[in-house]
Amino acid sequence: MAVTATKNPSGLKIRFDCGLDDVTGKTKIKSKTYSNVDPEATNDDVYAVGAVIASLQNNTLLEVAIIDNTTLSE
């Protein structure tokens, strides 16, 4: 029995540094997630889009991540 993997539109998650929490002293992190990323998009292309979106924000970019969405079937 062979398993077939079908790539579906992925997601793009961007995490931001929002400064330090006054009470705990830990870094506050917020994220934004975007859906329907072309599953054939290259890592460089996805990062470039994430960086452009982050440049429009007030907070510092921490991370750009791809959320893989693959369906497995028999």
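## Nonpolar core and two residues of a predicted model

Beyond residues up to four places away in sequence, isoleucine 53 touches Leu12, Ile14 and Tyr34, where contact denotes heavy atoms within 4.5 Å. The model is predicted, so local features need pLDDT of at least 70 and side-chain atom pairs count only at pLDDT 80 or more, while totals for chains, interfaces and linings use all residues. Residues are numbered from 1 along each chain as its sequence is written, and side-chain values use heavy atoms, with hydrogens and water left out.

Isoleucine 53 is one of the eight residues of the largest nonpolar core, together with Leu12, Ile14, Phe16, Cys18, Val37, Val46 and Ala54. Such a core is a set of buried Ala, Val, Leu, Ile, Met, Phe, Trp, Tyr and Cys residues joined through side-chain atoms within 4.5 Å. At least two residues of this core come from each of E2 and helix H1 (43–55). The largest share, four residues, is supplied by E2. Helices (H or I, at least four residues) and strands (E, at least two) are DSSP runs, numbered from the N terminus.

The table sets out two further residues. Buried means under 20% relative accessible area, exposed over 50%, and partly exposed in between (1.4 Å probe, protein chains only).

| Residue | Strand | Relative accessibility |
|---|---|---|
| Serine 10 | E2 (residues 10–20) | 9%, buried |
| Asparagine 36 | E3 (residues 27–37) | 64%, exposed |

Leaving aside neighbours within four places in sequence, serine 10 is in contact with nine residues' worth of partners listed here: Tyr34, Ser35, Asn36, Val37, Pro39, Ile66, Ile67, Asp68 and Asn69. Asparagine 36 has a positive phi of about 65 degrees, although it is not a glycine. Most residues other than glycine have a negative phi.
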